[in-house]
Every structure is written in C-alpha cells, then in structure tokens.
Amino acid sequence: RALSPQSVSPRMSDGVVVLLVLLNVLFIYTDAFRRDTADRQSRSEGGFCRIFRTQTRGARRDGQNEFRLRVEGDPETYQPGSTYRVSLYASSPSYFRGFTLIALKEGREGVTPDDYAGTFKLIDESDTQFMTNCPPAVTESIPRRRTRIQVFWTAPPSGSGCVTLKASVVQRRIIFFQDEGSLTKRLCEKDPFAMTEKPMQECCACGTAKYRVTFYGNWSEKVHPRDYPRRANHWSALIGASHSRSYVLWEYGGFASEGVKQVAEYGSPVKMEEEIRQKGDDVMTVIKTKAQWPAWQPLNVRSAPSAEFSVDRARHLMSFLTMLGPSPDWNVGLSGEDLCTRDCGWVQRLVKDLVPWDAGTDSGVSYESPNKPSNPQERIRPLTSLDHPQSPFYDLSGGPITPLARVIVERIARKGEQCNTVPDTIDDIVADIAQEEKEEDNTPETCIYSNWSPWSACSSSTCDKGRRMRQRMLKAQLDPSVPCLHTQDFKPCMGPGCSEEEASTCMMSEWISWSPCSASCGMGMRSRERYVKQFPEDGSSCTLPTEETEKCVVNEDCYEVVCMLSPWSDWGECSVSCGVGMRSRQRMLKTPVEPSLCSDELEQVEKCMLPECTTDCMLSEWSAWSECNKSCGKGHMIRSRMVKLEPQFGGMPCPETVQRKKCRIRKCTRGSRASEKRKRQEASDRRRAKPSRESVAEESSACPIRSWSSWTECTKPCSGGIQERVMNVKRKGKSSQPNHCKNKEIRVCNVHPC
C-alpha cells in the first residue's frame with residue numbers, strides 16, 4: 001500500500017522521509033503500469049475492438065443525467081447516408097476527462113467490424129481522435145477537463161436497421177458506462193415509403209433564426225453513367241418556403257398540386273411560387289435559387305446555388321423541390337424539415353443527401369421518355385432501383401440509389417429573445433451575453449442568463465396605476481454554492497394616454513436581405529422582411545411595415561428558359577400507301593410561354609418512299625366497224641382501239657387491240673366481180689386521200705404493203721409523250737428508178753402524271 005504523508009512519524013530523520021517519498025512514487029508508477037498492461041491484455045483477449053472491459057479503480061455509478069449524448073435535432077429516425085452532428089456534454093458543474101463513443105447495429109457487441117454502423121468524422125482534432133486499437137471508435141486526444149465534444153456521424157446505407165450510439169465517460173476514477181440511459185441514443189432507419197412525418201409537438205423556441213440553404217448537385221455522367229443525357233441536362237430553379245405545420249408543399253403519399261406538377265414536368269417555378277404566396281401567414285419566407293445549366297460543374301467553375309430564409313415559432317418548417325431535367329416528372333427536395341429542437345432552440349446545421357422521387361403526374365420510365373400523363377394521377381413516391389428495367393436507376397440486385405444531390409442548411413443568425421434550455425455551443429452563450437443590455441445589477445459572474453424579454457403591456461387599461469413585467473431565463477449556474485438573482489422584473493405604469501412622458505415607439509430590426517427575383521427571365525418581384533424587436537411600452541401595436549416588395553428584372557439566360565422543348569415524337573405514317581408521300585413529327589414547348597417567343601421549330605416534315613404503285617394497261621374506246629371489204633361474196637369487217645397507257649410494275653397487261661368479223665353481201669357474178677374489184681380500188685384511194693388521227697398516207701396506194709418498223713422512244717418520261725413508227729415500201733414505175741413511198745403511225749405514250 002502506498003504511504004500517505006500523514007503516516008510518516010515526526011520522529012523519523014529527514015533521510016528516512018526522503019526514502020519513503022521515493023518508494024511511494026515508485027509504487028504509484030508501478031501500479032499504473034500494471035493496470036495499463038492489464039487493460040491492454042483485456043482488450044486483446046476480447047477480440048476485435050472490445051473497448052468497454054477496462055477495469056477502473058473506484059465505483060461505477062449511474063450518471064444521473066449529469067452527462068448526456070445528443071444527436072442534433074433529437075431525431076427518432078435516421079436517413080440512410082445522411083450526416084448528423086453528435087454531441088457529448090456535461091451539465092454544470094460536472095466535467096469529464098476521458099470518453100469513448102461508438103455506433104453499433106442493434107443487438108451487436110462490437111466484436112467484429114460488421115457490428116459497427118456508419119462512420120464518424122472529427123470536427124476538432126485537438127479534442128477528439130480515433131481509438132488506436134479500435135478505428136470505428138472516437139476517444140479523447142488528451143486527457144483533460146472538458147464539458148463538451150462534438151463529432152459528425154454519417155448514417156449507414158439503406159437496410160442497416162436500427163442503430164445504437166453509445167458513450168462512456170470517465171470522471172476522476174469513476175466511469176459511467178454506455179448502457180446507462182442518457183449516454184445511449186437509439187435511432188432506426190426512416191421508411192422512405194411512409195407518409196411524410198410531421199412534428200409531434202409544438203415548437204417552443206423563442207425569437208427568430210436566419211438560415212442559409214446551399215444546394216450541391218451530384219447528378220453527373222461520372223456518378224450516374226447509365227443513359228445519362230449529355231444534352232440539356234440541368235437542375236430547374238429551386239423553389240420552396242419556410243412555413244407552418246398547417247401548410248404542406250409536397251409529401252410522400254400525397255398528390256402533387258398544379259404548382260408541384262409544373263416544377264416536376266416543366267421546371268417552371270411560377271405556379272408554385274404563386275401557390276406559396278397565397279398561403280399568407282402560413283409562410284414566412286419564399287426560398288428560391290436560379291436554374292443550373294448544365295446540371296453539374298466543379299465548384300471552382302460555378303459556385304453552388306444558395307438562398308437565405310427565416311423561421312419563427314409558428315413557421316419553423318422548411319420545404320423545397322427542384323426538377324432534374326430532362327425527365328418525366330422526377331425531382332429531389334425536402335418536405336416539412338423541422339428546424340426547431342426539443343430544447344426550445346434552433347438547429348445549428350443540417351446535412352441531407354437527396355434521392356429522386358416521382359411526382360405521379362407522368363408515366364415515363366427514362367430521362368427522355370415522351371410525355372405520357374398518368375391517368376388517373378398517382379401519389380408522390382420515392383424512386384427505387386427496381387422500378388423498371390429501362391430506368392436509369394435500375395439495379396437487378398436492388399439496393400439504394402446513389403444520391404443525386406446534397407443540401408446543407410446552416411444557421412447564420414438569431415434575432416430577438418432566445419429561450420433554448422440547452423445552449424448549442426459556448427460561442428452561443430457568449431453571443432447571448434454580448435447582446436444583453438448593459439444594466440447595473442449585482443448578477444454573479446457564475447450565473448448566465450438569457451436576454452430580458454420585452455416589457456409586457458400595462459396591467460391597467462385606465463389611468464389607475466398598474467405594472468408591467470419582463471422576464472429572463474437562467475441558462476447556466478456555474479457555481480451552485482453562489483445563489484443567482486431573480487428572473488422576473490416589474491415596474492409601475494398607467495393605461496394608454498395617461499402618462500405624461502412621451503410614448504415609446506416601435507423598435508424594428510434591420511431589414512433582412514432581398515429575396516431572389518420571382519422571375520427567372522424578364523420582370524418579376526422580390527421582397528425583404530424585418531420584425532418588431534420592441535413593442536411600445538403603452539401596449540399599442542406597431543404600425544410600421546414588416547415587409548417590402550419591389551420590381552426586379554432578370555435578363556440573363558432567357559433563351560434557356562423560353563425554349564425548353566420536349567423530345568421529338570416518333571415519325572407519323574406516310575401519307576400514301578405506295579410511291580412517294582410525306583410524313584411528319586412534332587415536339588412540345590415545355591415552358592408555359594407563347595410559342596412565338598421560341599424560334600425553334602415544333603414540327604418537321606419529310607418525304608417518304610414506298611414501293612412503286614402498279615399501273616394497269618389503259619385503252620381507248622373501240623372504233624366503229626369498218627365496211628365489208630367486199631361488195632359481194634364473203635368478206636370481213638374490222639375495228640380497233642389504241643393503247644393509252646402501257647402496264648407498269650406488274651400491272652394488268654393489254655388485251656387485243658384489233659377485232660375482225662365476217663360479212664357476206666350477196667353472191668358474186670362475173671360482172672359483179674369486176675365491179676367489186678373496181679369499188680375496192682376506189683375505196684382504197686379514198687382512204688389514202690383522207691388521213692386518220694392515227695396515221696397519215698404520204699404516197700399513193702400503189703405501194704405494196706410491208707411490215708412496220710419498231711416504235712420510237714417516247715418523247716416524254718411522264719404526262720403524255722408521242723411515239724412513231726413507219727412502213728417502207730418499193731414500187732417500180734415506168735422508169736427503171738425505184739420510187740419509195742412511206743406510211744407513218746403516231747400514238748400517245750407515258751400518260752401517267754409526273
């Protein structure tokens with residue numbers, strides 16, 4: 001046993017005393033080395049990362065809520081892949097020297113790497129570090145007194161189930177184990193298909209808070225390569241609001257409003273903003289950012305879009321959405337995100353990874369699917385990796401969709417009286433102290449108060465004496481042995497108009513910065529807000545305006561907004577069933593503007609070729625029968641018709657063009673035979689003297705008949721041409737020189753239209 005200085009006898013010599021002191025020091029170091037060796041051996045025997053078997057001197061006892069493990073916002077569920085701020089702190093005047101923090105899957109002991117859930121990220125390496133023999137655990141960097149540490153924790157992927165965050169805290173030689181109530185936090189995975197959760201309790205925060213929301217698009221060909229649209233990929237203008245619980249912009253399981261539909265299908269925020277502004281007192285700030293073309297660019301090329309907004313006790317929820325285009329009706333966003341904490345404060349920082357959801361107004365399955373309205377309209381739902389084989393997010397093995405974007409919401413200012421029971425950070429306490437009115441009071445330095453509230457209205461409405469009241473909250477008492485002063489204050493007053501002193505005026509805050517312009521191109525409106533910091537002491541209301549609006553003009557990137565077009569439709573059917581015809585296709589102007597403002601064509605027409613049409617032979621009418629070729633005896637008559645159109649491409653061939661039939665006049669005698677021969681000669685001469693439509697006789701009938709030549713080529717390829725053929729004959733006259741005579745025939749050809 002180590003010797004204490006009181007056990008040394010006064011009668012011992014100085015040398016003996018020095019020897020005893022040296023032995024005591026040696027014993028202390030030996031004991032510490034023995035205990036450290038035992039700790040290491042115990043950890044190595046316990047398998048992987050068995051970190052809570054360290055034996056300590058002193059009793060183990062319940063923390064009695066002196067120490068608390070907290071996830072910012074006090075959620076009961078976690079969003080897979082989202083990042084949360086985790087704090088471990090001690091209530092005044094307690095403190096701790098060492099700690100260990102882990103996150104385990106429910107029912108696991110931490111003996112294998114698979115037992116751990118999510119990952120931690122250090123915020124301040126001077127306070128925290130990863131444990132050497134157990135990398136998933138966070139511990140202190142240097143053992144010293146501390147009242148608070150903070151780290152970031154990224155939730156595990158979908159399908160991990162419930163998770164338990166556990167902490168152990170060491171104070172002097174007492175260790176508070178992680179299984180004791182306030183040092184354990186259980187979170188279960190949020191069901192993405194469930195209806196949007198709404199806050200269960202009313203917000204108890206005081207004053208207002210101002211936030212900045214920043215949108216980081218991660219939808220790119222590198223991260224989401226399947227069918228990624230290389231042209232016209234973009235994020236639409238982000239549109240949303242800070243609002244009350246009674247107003248819902250959009251939610252899973254609900255139906256999209258007309259404003260949500262126009263954002264989801266066309267990327268137009270005009271109708272959505274109109275719906276938001278019509279909600280009056282349910283909305284505090286309209287949230288807007290500009291559209292992003294293309295969808296992704298490095299931050300050193302284009303900064304992430306952001307917007308500022310405010311919240312108060314009645315309007316403490318934040319919602320927004322933005323469309324990824326081109327797409328049927330796919331978006332990302334937040335719905336009813338609560339920025340009020342259970343400790344009556346305001347969330348400091350919120351990080352959310354966003355996956356796509358379907359608005360239920362269009363039935364397309366791929367980025368560039370043609371417009372196909374859902375009839376009837378479907379409910380809003382998150383997209384999954386098993387929706388449709390043609391979906392760009394399809395994965396046969398299932399699993400979560402890689403987030404398309406990340407949104408960070410950061411608190412940048414607080415206004416007015418604050419009443420959170422647990423201060424967020426020491427910086428917040430200092431900021432509150434700096435804002436307090438410099439009044440001469442005897443408040444002990446160990447007592448930390450909130451600001452005084454505004455004076456209440458006078459309790460008397462007449463000229464009888466009444467009193468006003470103001471109050472403040474005790475936020476921290478650093479030394480329990482020193483009593484703190486009162487938290488309420490009173491002063492006498494009379495009803496309105498009774499005081500001889502000049503009535504106080506409204507004290508207004510500074511104007512909050514202007515909101516983005518309501519129009520993404522052309523003329524729009526913007527607004528700014530302020531709030532009442534101090535009401536008049538006579539109890540009257542303030543008449544000064546709390547909101548201003550003015551016109552704004554945006555001329556940038558107009559062509560991108562006006563000419564947002566749908567993909568081309570398929571080509572229509574050819575206008576003919578054979579031969580040459582026409583066909584057309586169309587596309588729609590997705591932006592709700594006049595088509596005349598867009599120079600791009602909305603319809604295209606082109607020729608279409610089908611197999612050639614068959615053409616049947618076309619003939620003229622039969623001519624009249626000719627006279628009988630004999631005046632007596634047996635003879636014959638003929639009639640003919642012309643070929644007006646030759647058959648083509650398998651058409652019906654031409655039938656006969658000449659018909660002959662017998663004729664018999666009377667029985668011939670010798671005189672009648674000579675007369676008949678003479679009549680035939682005269683008729684032949686008459687026919688040659690009077691040419692017909694089809695033939696022209698150029699010589700006398702004395703030419704003996706010979707065969708015809710071949711028809712010449714047609715003079716025209718279409719719309720009616722002419723062909724000719726001739727008959728050559730020879731006749732020997734009285735002279736020995738031959739005398740040539742010609743007959744010629746003409747016919748119509750290629751009568752089909754060009």
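Which residue forms a salt bridge with R68, and how far apart are the closest N and O atoms? The partner is D343, and those two atoms are 4.0 Å apart. This pair links distant parts of the chain, since R68 sits in strand β1 (residues 67-71) while D343 belongs to the loop between β18 (330-338) and β19 (349-354), 275 residues apart. R68 is partly exposed, with a relative accessible area of 28%, whereas D343 counts as buried at 8%.

Before going further, please keep in mind that this is a predicted model.

**The whole chain**

The protein has six helices and 39 strands. Of its 754 residues, 40% count as buried. Among contacts between residues at least 6 apart in sequence, 68% join residues at least 24 apart.

**Salt bridges**

A search of the whole structure finds 27 salt bridges. Three of them, including the pair from the opening, are set out here.

| Pair | N to O distance | Relative accessible area |
|---|---|---|
| R68 and D343 | 4.0 Å | R68 28%, D343 8% |
| R186 and E106 | 2.5 Å | R186 47%, E106 41% |
| D127 and R146 | 3.5 Å | D127 14%, R146 4% |

In the second pair, the side chains of R186 and E106 meet in a salt bridge. R186 lies in strand β11 (residues 184-189) and E106 in the loop between β4 (98-105) and β5 (119-122), so this pair ties together parts that are 80 residues apart in sequence. Both ends are partly exposed: R186 has a relative accessible area of 47%, and E106 has one of 41%.

The third pair, D127 and R146, also meets through its side chains. Here D127 is in the loop between β5 and β6 (128-131) and R146 in the loop between β7 (134-140) and β8 (148-154), so the pair ties together parts that are 19 residues apart in sequence. D127 is buried at 14% relative accessible area, and R146 is buried at 4%.

Salt bridges also join up into a network, whose members are K105, R108, D114 and D115.

**Helices α2 and α3**

Two packed helices are described by the angle between their axes and the distance between the axes. For helix α2 (residues 258-266) and helix α3 (residues 270-277), the axes come within 7 Å and cross at roughly 155°. An angle over 145 degrees counts as roughly antiparallel, and α2 and α3 are therefore roughly antiparallel to each other. The crossing of α2 past α3 is left-handed.

Which residues meet where these helices touch? From α2 come E258, G259, V260, Q262 and V263, and from α3 come K271, M272 and E275. By type, the residues of this contact divide into three nonpolar, two polar and three charged.

The buried residues of α2 are G259, V260, Q262, V263, A264 and E265. They pack against α3 and also against the strands β14 (239-243), β17 (317-325), β18 and β20 (357-358).

Just after α2, G267 takes a positive phi of about 75°. S268 follows in the loop between α2 and α3. Is S268 buried or exposed? With a relative accessible area of 8%, S268 is buried. S268 and M323 are 55 residues apart in sequence, yet their C-alpha atoms are 9.0 Å apart in space.

**Backbone details in the loops**

If you check backbone torsions, a few loop positions deserve a look. A cis peptide bond joins W293 and P294, with omega about -10°; P294 lies in the loop between β15 (283-288) and β16 (306-311). The peptide bond from N375 to P376 is cis as well, with omega near 5°, and P376 is found in the loop between β20 and β21 (381-382).

Two residues have a positive phi although they are not glycines: D227 at about 55° and C344 at about 65°. D227 is in the loop between β12 (208-217) and β13 (234-235) and is partly exposed, with a relative accessible area of 49%. C344 lies in the loop between β18 and β19, where D343 of the opening salt bridge is also placed. C344 is buried, at 15% relative accessible area.

**One more loop residue**

S515 sits in the loop between β27 (507-508) and β28 (522-529). At 13% relative accessibility, S515 counts as buried. Leaving aside residues up to four places away in sequence, S515 touches R526 and S527.

Definitions and conventions:
Residues are numbered from 1 along each chain as its sequence is written. This is a predicted model: local features need pLDDT of at least 70, side-chain atom pairs count only at pLDDT 80 or more; totals for chains, interfaces and linings use all residues. Side-chain values use heavy atoms; hydrogens and water are left out. Axes are lines fitted to C-alpha atoms, for helices over the stretch in contact, and angles run from 0 to 180 degrees between N-to-C directions. Helices (H or I, at least four residues) and strands (E, at least two) are DSSP runs, numbered from the N terminus. Angles under 35 degrees count as roughly parallel, over 145 as roughly antiparallel, 65 to 115 as roughly perpendicular and the rest as oblique. A crossing is left-handed if the near helix is turned anticlockwise from the far one by less than a right angle, and right-handed if clockwise. Contact means heavy atoms within 4.5 Å. Ala, Val, Leu, Ile, Met, Phe, Trp, Tyr, Cys and Pro count as nonpolar, Asp, Glu, Lys and Arg as charged, and the others, Gly among them, as polar. Buried means under 20% relative accessible area, exposed over 50%, partly exposed in between (1.4 Å probe, protein chains only).
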